[in-house]
Amino acid sequence: MTGLPDADRSPLSYPSHSSHPDEYRGCLRLVVAVPLTLLTLIAAYFCWMALTISPSGSWDDDAYAGIVLSCVLTIGAAGAATGLWLLAPVRRVMGWGWVLPALSLGAVAAVRWGMGG
């Protein structure tokens, strides 16, 4: 209620429903969850690739290039997911649990790249 008498309210100036900020959290969560999940899945795929590629020897430059590329793409996707999560409206509706898998995958890829990429 606005505290105004019924005669002072016109139907064009007041919505028929309340527009509380919490009403939009579910919608925002769904809209943001899709790209955040997709970026995390992309990071997971390339991290898996980086971990499963094994060079045949020290001369196998193509395998080492594949490892580096997979690590870079993992870190890029994890960074994009983290950047999306760092936006203030996203942080309000999405908890740490949404960004931790992407951060973990980025850390694993960084270690893999540092150890032998």
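Exposed, in these legends, denotes a relative accessible area over 50%, buried denotes one under 20%, and partly exposed lies in between. The views below show a predicted model.

**View 1. The pair formed by Trp85 and Trp96.** By the cut-off above, Trp96 is exposed, because its relative accessible area is 54%. Its partner Trp85 has a relative accessibility of 6% and therefore counts as buried. The ring centres of Trp85 and Trp96 lie 4.7 Å apart. Their planes meet at 45 degrees, so the pair is classed as tilted. The pair connects distant parts of the chain, with Trp85 in helix H2 and Trp96 in the loop between helix H3 (88-93) and H4. In sequence, Trp85 and Trp96 are 11 residues apart.

**View 2. The overall fold of the chain.** The secondary structure consists of four helices and zero strands. Read from the N terminus, the order of elements is α-α-α-α. The chain has 117 residues, of which 24% are buried. Among contacts with a separation of 6 or more, 68% involve residues 24 or more positions apart.

**View 3. The packing of helices H2 and H4.** Two packed helices are described by the angle between their axes and by the distance between those axes. Helix H2 spans residues 61-86 and helix H4 spans residues 100-116. The two pack at an angle of about 155 degrees, and their axes are 8 Å apart. An angle over 145 degrees counts as roughly antiparallel, and H2 and H4 are therefore roughly antiparallel to each other. Their crossing is left-handed.

**View 4. The residues at the contact of H2 with H4.** On the H2 side, the participating residues include Tyr64, Ile67, Val68, Cys71, Val72 and Ile75. Ala78, Ala81 and Thr82 are also among the H2 residues that meet H4. The H4 side includes Ala102, Leu103, Leu105, Gly106, Arg112, Trp113 and Gly116. The residues of this contact divide into 14 nonpolar, four polar and one charged.

**View 5. The aromatic cluster in helix H1.** The structure holds three aromatic pairs. One of them joins Tyr45 and Trp48, with 6.2 Å from centre to centre and 35 degrees between the planes, a tilted arrangement. Tyr45 and Trp48 are three residues apart in helix H1 (residues 25-52), so about one helical turn separates them. Tyr45 is partly exposed, because its relative accessibility is 45%. Together with Phe46, Tyr45 and Trp48 form one aromatic cluster.

**View 6. The surroundings of Phe46.** Phe46 is placed in helix H1. Its relative accessibility of 24% falls between the two cut-offs, so Phe46 counts as partly exposed. Beyond its neighbours within four places in sequence, Phe46 is in contact with Ser70, Leu73 and Thr74. Phe46 and Ile67 are 21 residues apart in sequence, while their C-alpha atoms are 9.1 Å apart in space. Ile67 also belongs to the H2 residues that meet H4.

**View 7. Val93 and Arg29.** Val93 is located in helix H3. With a relative accessible area of 5%, Val93 is under the 20% cut-off and is therefore buried. A separation of 64 residues in sequence lies between Val93 and Arg29, and the C-alpha to C-alpha distance is 6.0 Å.

Key
Residues are numbered from 1 along each chain as its sequence is written. This is a predicted model: local features need pLDDT of at least 70, side-chain atom pairs count only at pLDDT 80 or more; totals for chains, interfaces and linings use all residues. Side-chain values use heavy atoms; hydrogens and water are left out. Axes are lines fitted to C-alpha atoms, for helices over the stretch in contact, and angles run from 0 to 180 degrees between N-to-C directions. Angles under 35 degrees count as roughly parallel, over 145 as roughly antiparallel, 65 to 115 as roughly perpendicular and the rest as oblique. A crossing is left-handed if the near helix is turned anticlockwise from the far one by less than a right angle, and right-handed if clockwise. Contact means heavy atoms within 4.5 Å. Ala, Val, Leu, Ile, Met, Phe, Trp, Tyr, Cys and Pro count as nonpolar, Asp, Glu, Lys and Arg as charged, and the others, Gly among them, as polar. Rings of Phe, Tyr and Trp (its six-membered ring) pair if their centres lie within 6.5 Å; planes under 30 degrees apart count as stacked, over 60 as edge-to-face and the rest as tilted. Buried means under 20% relative accessible area, exposed over 50%, partly exposed in between (1.4 Å probe, protein chains only).
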